Amino acid sequence: MRKLVVALLAVSALILGAPIASAHSIVTGSSPEEGADIASGPAQVSVTFNEAPQSQFATLNVVGPDGNLWSKGDPRIEAQSIVVDVGELGPVGQYTVAYRVTSADGHPISGTRTFTLTQQGSGTPGAAADADAGADASSESGGVPLWPFLIVGGLVFGGALAYALRKPKDERKPKDERKPKDERKPKESS
């Protein structure tokens, strides 16, 4: 009976723990919206997630069609969004919003969103965007995936559980070949 309870608790912990460990933040929206056409530069740009991201290592850059940075200052976390100031934009064309945050479970999330400026602005660009930073932000997720660790952990846990619940060596024999319990060799204590 005790073994059955231990097995049920272990399986329950495995089933209930796995979805929590594998859930990552996802983008639920942005301002300006993905693919939007706008006539003038917004005061700020934001990307919103389904849960509040961690504030450490958060980056958010706005890169114009001229290859220059148009975001001003450092990004900040506000509730479930990462936000950066922008102000007046410059050339007409597509602007790329590149983000990288750490989700609540510690998994890095990165990607890009775009919007198009339809009327020439009079803003002043920042420095040229770093080509390496744009390459990092081009994938939807970064870092090491969690699923291999979950699989290995599950296999190790399953093996340990099977070992713990195995029958003693003598009980694996057919009943007519087993020694009576009082004739079995007692375990030595160390």
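Student: What share of the 190 residues in the protein chain is buried?

Tutor: In this predicted model, buried residues make up 26% of the 190 residues. The chain holds three helices and eight strands, arranged along the sequence as α-β-β-β-β-β-β-β-β-α-α.

Student: Let's take one residue. Why is serine 25 called buried?

Tutor: Its relative accessible area is 4%, and the word buried applies under 20%. The value lies under that cut-off, so serine 25 counts as buried. You will find serine 25 in the loop between helix 1 (2–22) and strand 1 (27–31).

Student: What does serine 25 touch, leaving aside its neighbours within four places in sequence?

Tutor: Serine 25 is in contact with Phe49, Asn50, Glu51, Ser103, Ala104 and Ile109.

Student: What makes the link between the side chains of serine 25 and glutamate 51 a polar contact?

Tutor: The two side chains are joined at 2.7 Å, and a polar contact requires N or O atoms within 3.5 Å. The distance fits that limit, so the name applies.

Student: Why is glycine 29 also called buried?

Tutor: Here the relative accessible area is 17%. The cut-off is under 20%, so glycine 29 counts as buried. Glycine 29 sits in strand 1 and touches Val47, Thr48 and Arg113, not counting residues up to four places away in sequence. Its C-alpha atom is 7.1 Å from that of phenylalanine 49, a residue 20 positions away along the chain.

Student: How many aromatic pairs does the whole structure have?

Tutor: A search finds three. In one of them, the rings of phenylalanine 49 and tyrosine 99 have centres 5.8 Å apart and planes at 75°.

Student: What makes the pair of phenylalanine 49 and tyrosine 99 edge-to-face?

Tutor: Two values decide the matter. The centres are 5.8 Å apart, and rings pair within 6.5 Å. The planes stand at 75°, and an angle over 60 degrees counts as edge-to-face, so the pair earns that name. Phenylalanine 49 is in strand 3 (residues 44–49) and tyrosine 99 in strand 7 (residues 93–102), so this pair links distant parts of the chain, 50 residues apart. Both residues are buried.

Student: How do you know that tyrosine 95 and phenylalanine 115 are stacked?

Tutor: Their planes are 5° apart, with 5.5 Å centre to centre. Planes under 30 degrees apart count as stacked, so the angle of 5° settles the label. Tyrosine 95 lies in strand 7 and phenylalanine 115 in strand 8 (residues 108–117), so the pair ties together parts 20 residues apart in sequence. Both tyrosine 95 and phenylalanine 115 are buried, and ring pairs link them with Trp70 into a cluster.

Student: Now to charges. What makes glutamate 34 and arginine 113 a salt bridge?

Tutor: Their side chains meet at 3.7 Å, N to O. A salt bridge needs the nitrogen within 4 Å of a carboxyl oxygen, so this pair qualifies. Glutamate 34 lies in the loop between strand 1 and strand 2 (36–38), and arginine 113 in strand 8, so the pair ties together parts 79 residues apart in sequence.

Student: Is glutamate 34 buried, exposed or partly exposed?

Tutor: Glutamate 34 has 43% relative accessibility. Buried means under 20% and exposed over 50%; the value falls in between, so glutamate 34 is partly exposed.

Student: Which residues are linked in a network of salt bridges?

Tutor: The network links Arg76, Glu78 and Asp85. Arginine 76 bridges to glutamate 78 with the closest N and O atoms 2.8 Å apart, and to aspartate 85 at 3.1 Å, N to O. Arginine 76 is partly exposed at 29% relative accessible area, glutamate 78 at 37% and aspartate 85 at 33%.

Student: Why is tryptophan 147 called exposed?

Tutor: Its relative accessible area is 56%. Exposed means over 50%, so tryptophan 147 belongs in that class. Tryptophan 147 lies in helix 3 (residues 147–165) and, with Ile151 and Leu155, makes a nonpolar surface patch of about 370 Å².

How values were computed
Residues numbered from 1 in each chain as written. Predicted model: local features only at pLDDT ≥ 70, side-chain atom pairs only at ≥ 80, totals over all residues. Heavy atoms only, no water. Helix = DSSP H or I, 4+ residues; strand = E, 2+ residues; numbered from the N terminus. Buried < 20%, exposed > 50% of the residue type's maximum accessible area, 1.4 Å probe, protein only. Polar contact = N/O pair within 3.5 Å; in protein donor to acceptor, adjacent residues only side chain to side chain. Contact = heavy atoms within 4.5 Å. Phe/Tyr/Trp six-rings, centres within 6.5 Å; stacked < 30°, edge-to-face > 60°. Patch = residues over 30% accessible without salt bridge, like charges linked within 9 Å, V, L, I, M, F, W, Y side chains within 5 Å. Areas by Shrake-Rupley, 256 points an atom, 1.4 Å probe, with all protein chains shown as cover.
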